[in-house]
Amino acid sequence: MTKKPFMNFTVDHMTMLLHPKLYTLSYAVFRIIFGTTPDDLLYEKKRAGKNGAKDVSMTYATRVGEWQPRGDKDPLNTIFAIVQPSEPEGTPSHVRQMLDGHENVAHLQHVALRTPDLIAFHKHCVERGVQFVTPILKDDHENLIQVFSGEWFLPGGKPSGFFFEFLQRDPSDNELAQIQKANKQSWFRDETFLGLYDEKEREYQSGKVLSFLSPELFNAIMDKIGHKQVFEITEQDLNEVEQLMLDMTAKANKA
């Protein structure tokens with residue numbers, strides 16, 4: 001079969017369905033962690049309040065980056081990675097648990113976002129309290145480095161099975177040396193996938209799944225902006241939330 005020109009796809013957008021508390025938190029995370037600006041807000045739609053109630057935010061879309069290919073060596077491919085529960089029936093399987101636990105036969109497990117400087121972005125995230133399941137891993141076969149965040153779910157609630165991967169293609173020798181020094185070992189293709197797989201298996205069987213933000217930080221942010229709709233969150237609010245992230249994370253690291 002010959003591939004037709006109209007079959008050359010790229011990602012247009014990804015849709016996430018979120019609990020109202022995660023919905024509010026997501027706006028702060030995109031602004032503070034992902035560095036979006038008011039100009040990146042493509043749309044925000046409200047449902048009119050009834051009987052004197054205030055309006056409620058229904059949906060918003062934000063741009064997280066604009067990429068230009070760097071020649072033939074750096075194509076902007078669109079890739080699906082497909083995983084099934086491969087363990088025998090009756091054997092513990094976090095993949096099967098993610099599907100059965102949410103009564104789904106299909107599930108968006110993670111979104112992989114590409115950055116031109118993963119080490120700097122990872123440092124930015126860690127300083128603001130983002131939790132990661134893995135260190136930065138090296139995929140030697142595809143010449144990329146990657147890291148996987150904790151999952152998005154409410155404190156004390158059921159794990160959602162959704163998290164982020166952040167990756168950088170074509171890392172420099174200096175960047176690879178920094179990662180190898182930090183990890184005290186090299187990570188290659190099989191180990192990156194199996195390392196993540198085994199870590200998620202360990203989390204789900206232990207019942208201790210790492211969240212994107214710690215429960216303490218999540219609750220502190222909600223105390224600041226949880227009572228507001230997305231369209232009510234100000235730049236001052238975001239500045240205060242970011243400082244809260246920095247302060248609480250620094251204090252936790254000193255403890």
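Start by selecting Asp40, which counts as buried because its relative accessibility is 13% (buried means under 20% relative accessible area, exposed over 50%, partly exposed in between, with a 1.4 Å probe and protein chains only). Asp40 sits in the loop between α1 (20-32) and β1 (41-47); helices (H or I, at least four residues) and strands (E, at least two) are DSSP runs, numbered from the N terminus. Show its surroundings next: beyond its neighbours within four places in sequence, Asp40 is in contact with Gly35, Ala61, Thr62 and Arg63, where contact means heavy atoms within 4.5 Å.

A word on what you are viewing: this is a predicted model, in which local features need pLDDT of at least 70 and side-chain atom pairs count only at pLDDT 80 or more, while totals for chains, interfaces and linings use all residues. Residues are numbered from 1 along each chain as its sequence is written, and side-chain values use heavy atoms, with hydrogens and water left out.

Now pick Ile33. Leaving out residues up to four places away in sequence, Ile33 touches Ala28, Phe121, His124, Cys125, Arg128, Val130 and Met245. Along with Phe164, Phe166 and Ile221, Ile33 has the most contacts inside the largest nonpolar core, a set of 42 residues. Such a core consists of buried Ala, Val, Leu, Ile, Met, Phe, Trp, Tyr and Cys residues joined through side-chain atoms within 4.5 Å. Elements giving two or more residues to this core include β3 (110-114), α3 (118-127), β6 (163-169) and α4 (173-183), and α1 gives the most, with eight residues.

Keep α1 on screen and add α7. Their axes lie 10 Å apart at an angle of about 80°, which makes α1 roughly perpendicular to α7. Axes are lines fitted to C-alpha atoms, for helices over the stretch in contact, and angles run from 0 to 180 degrees between N-to-C directions; under 35 degrees counts as roughly parallel, over 145 as roughly antiparallel, 65 to 115 as roughly perpendicular and the rest as oblique. Here Tyr27, Ala28, Arg31 and Ile32 of α1 meet Glu235, Leu238, Val241, Glu242 and Met245 of α7.

For the last stop, swap α1 for α6. Helix α6 (residues 215-225) packs against helix α7 (residues 235-254) at about 160°, with axes 10 Å apart, and the two are therefore roughly antiparallel. Select Glu216, Leu217, Ala220, Ile221, Lys224 and Ile225 of α6 together with Asp237, Glu240, Val241, Leu244, Met245 and Met248 of α7 to see the residues that make this contact.
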